[in-house]
Amino acid sequence: MQYRLDKKSGNKLSVLGLGCMRLPGSLGRIDMLKAEPLIMHAIEKGINFFDTAYLYPGSEVALGTVLEKNKVREKVYIGTKLPLFKCRSYEDFDNVFNEELSRLRTDYIDYYFMHNLSGLADWQRMCGLGVEKWIAGKKAEGKIRQVGFSFHGLKDEFTKLIDAYDWEFCMIQYNYININYQAGLDGLKYAYSKDIPVFIMEPLLGGRLSNDLPPAALKMFEQNNPKASAASWALRWLWHHAEPAVVLSGMSNMAQLEENITLASVSEPGCMSDDELAVIDKVADIFQASYKIPCTGCNYCLPCPRGINIPDSFLSYNTSYTISRFAGITQFATTSGGFSPTFSLYDCIRCGKCEKECPQKIAIMERIIDVRKRMEPIWYRAAIKLARKVMR
């Protein structure tokens with residue numbers, strides 16, 4: 001395992017971190033029979049950073065249970081997050097934080113994130129509630145070791161946030177598709193210039209850069225290195241750069257974990273050749289030409305009051321362009337619940353709940369209109385109406 005120095009704290013962080021949002025399981029329930037060996041194998045192989053959050057269903061409890069049971073808490077750094085929308089008073093900071101300590105079965109957090117800051121105004125609101133005083137108190141007690149933030153906003157807002165407080169780390173979405181998205185490369189370099197460790201989320205864009213690349217992009221990779229997976233290209237591209245401190249990957253099975261550990265043990269700054277970087281650029285062009293909605297499948301927009309499976313609908317829509325419309329509609333019908341009498345994108349009531357929660361700031365209500373036009377043609381809607389009539 002390769003390690004990079006956190007210059008703020010002196011900690012040596014594994015370049016690969018385990019993102020616990022996608023621990024094995026379903027419907028928000030962690031499969032502990034699979035999660036425990038996954039976490040323990042990661043630790044045995046040198047991964048020492050584990051990222052979770054209050055809002056990831058079952059994640060904090062699962063991680064804390066495994067670390068306590070196996071007596072390995074002191075071997076790792078835990079990163080978890082304060083959900084800002086739940087904080088409306090000074091007392092709320094303690095209420096949430098103490099619950100997280102209980103879930104994680106620990107008395108301190110190594111890296112504590114202000115979760116999902118989109119701009120300076122978000123931070124100023126928290127300051128108005130006294131968050132700076134609260135953080136200082138928790139650090140004095142040793143309950144928070146380092147404090148930082150995760151970011152989902154525009155580049156200019158990122159630099160304002162970086163300069164607004166003495167942050168000890170930050171987290172941004174970054175991959176070879178998102179070079180100019182949100183904080184982007186400029187934000188990454190700006191934080192790095194201030195010795196602020198940068199944690200990378202969505203290195204595979206929610207799996208899109210490993211499982212859902214257009215055939216032409218996959219062919220491009222295969223022609224240049226038949227043995228390398230699409231995921232390995234994306235991860236090596238990140239580790240080729242010196243700026244990221246930790247790349248967080250949501251590995252949900254042993255095969256993914258083993259592949260990524262192998263890559264992390266040999267990938268250093270400058271590990272990609274100019275020819276390989278040129279291949280990445282060509283693949284990015286192909287991907288961006290066909291990928292219409294930048295949804296990462298984080299599921300923050302769910303549950304929808306009308307039962308619409310927004311992430312899977314967007315994924316199916318993108319598939320209809322990256323592969324074929326037939327493939328997209330087939331996927332839509334089988335994975336998004338399209339033929340269920342209780343499901344149709346035409347059921348959207350434009351309440352806006354989804355858009356308030358979306359960290360990508362996607363105009364979901366408008367995009368649903370685009371998706372339903374392509375994915376629910378007249379014959380499709382007729383089938384749904386008939387199914388509903390039969391079910392009455």
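These exercises work through helix packing, strand pairing and backbone geometry in a predicted model.

**Exercise 1. The packing of helix 1 and helix 2**

Task: At what angle do helix 1 and helix 2 pack, and which residues meet?

Solution.
- Start with the limits. Helix 1 spans residues 32–44, and helix 2 spans residues 59–69.
- Take the geometry next. The two helices pack at an angle of about 60°, and their axes are 10 Å apart.
- Classify the angle. At about 60°, helix 1 is therefore oblique to helix 2.
- Add the hand. Helix 1 and helix 2 make a right-handed crossing.
- List the contact. Helix 1 contributes Met32, Glu36, Ile39, Met40 and Ile43. Helix 2 contributes Ala62, Leu63, Thr65, Val66, Leu67 and Lys69.
- Sort the contact residues by character. Eight are nonpolar, one is polar and two are charged.

**Exercise 2. Two residues from that contact**

Task: Are Met40 and Lys69 buried or exposed?

Solution.
- Place Met40 first. This residue sits in helix 1.
- Apply the cut-off. Met40 has 13% relative accessibility, so it counts as buried, since buried means under 20%.
- Look at the surroundings of Met40. Beyond neighbours within four places in sequence, Met40 is in contact with Val66, Asn70 and Val72.
- Check one of these partners by distance. Asn70 is 30 residues from Met40 in sequence, with 8.3 Å between their C-alpha atoms.
- Turn to Lys69. This residue belongs to helix 2.
- Apply the other cut-off. Lys69 has 56% relative accessibility, so it counts as exposed, since exposed means over 50%.
- Add a distance for Lys69. Val266 is 197 residues away along the chain, and the C-alpha atoms of the pair are separated by 31 Å.

**Exercise 3. Strand 3 and its partners**

Task: Which strands are joined to strand 3, and how many bridges does each pairing have?

Solution.
- Locate the strand. Strand 3 covers residues 16–19.
- Take strand 12, residues 244–249. Three bridges join it to strand 3, and the two run parallel.
- Pick out a pair. Gly17 stands opposite Leu248 of strand 12.
- Take strand 6, residues 49–51. Two bridges join it to strand 3, again in a parallel arrangement.
- Pick out a pair here too. Gly19 has Asp51 of strand 6 as its bridge partner.
- Inspect the faces of strand 3. Both are covered. Leu16 and Leu18 are buried on one side, and Gly17 and Gly19 are buried on the other.

**Exercise 4. Backbone exceptions in loops**

Task: Where does the cis peptide bond from Leu302 to Pro303 lie, and what is the phi of Gln182 and of Arg350?

Solution.
- Set the background. Residues other than glycine mostly have a negative phi, and peptide bonds are mostly trans.
- Treat the peptide bond. The bond from Leu302 to Pro303 is cis, its omega being near 0°.
- Place it. Pro303 lies in the loop between helix 12 (274–290) and helix 13 (310–322).
- Treat Gln182. Its phi is positive, about 50°, though the residue is not a glycine.
- Place Gln182. The loop between strand 10 (169–173) and helix 7 (184–193) holds it. Gln182 has 10% relative accessibility, so it counts as buried.
- Treat Arg350. Its phi is near 55°, also positive in a residue other than glycine.
- Place Arg350. This residue lies in the loop between helix 14 (325–335) and helix 15 (353–357). Arg350 has 41% relative accessibility, so it counts as partly exposed.

Key: Residues are numbered from 1 along each chain as its sequence is written. This is a predicted model: local features need pLDDT of at least 70, side-chain atom pairs count only at pLDDT 80 or more; totals for chains, interfaces and linings use all residues. Side-chain values use heavy atoms; hydrogens and water are left out. Axes are lines fitted to C-alpha atoms, for helices over the stretch in contact, and angles run from 0 to 180 degrees between N-to-C directions. Helices (H or I, at least four residues) and strands (E, at least two) are DSSP runs, numbered from the N terminus. Angles under 35 degrees count as roughly parallel, over 145 as roughly antiparallel, 65 to 115 as roughly perpendicular and the rest as oblique. A crossing is left-handed if the near helix is turned anticlockwise from the far one by less than a right angle, and right-handed if clockwise. Contact means heavy atoms within 4.5 Å. Ala, Val, Leu, Ile, Met, Phe, Trp, Tyr, Cys and Pro count as nonpolar, Asp, Glu, Lys and Arg as charged, and the others, Gly among them, as polar. Buried means under 20% relative accessible area, exposed over 50%, partly exposed in between (1.4 Å probe, protein chains only). Two strands pair if DSSP finds at least two bridges between them.
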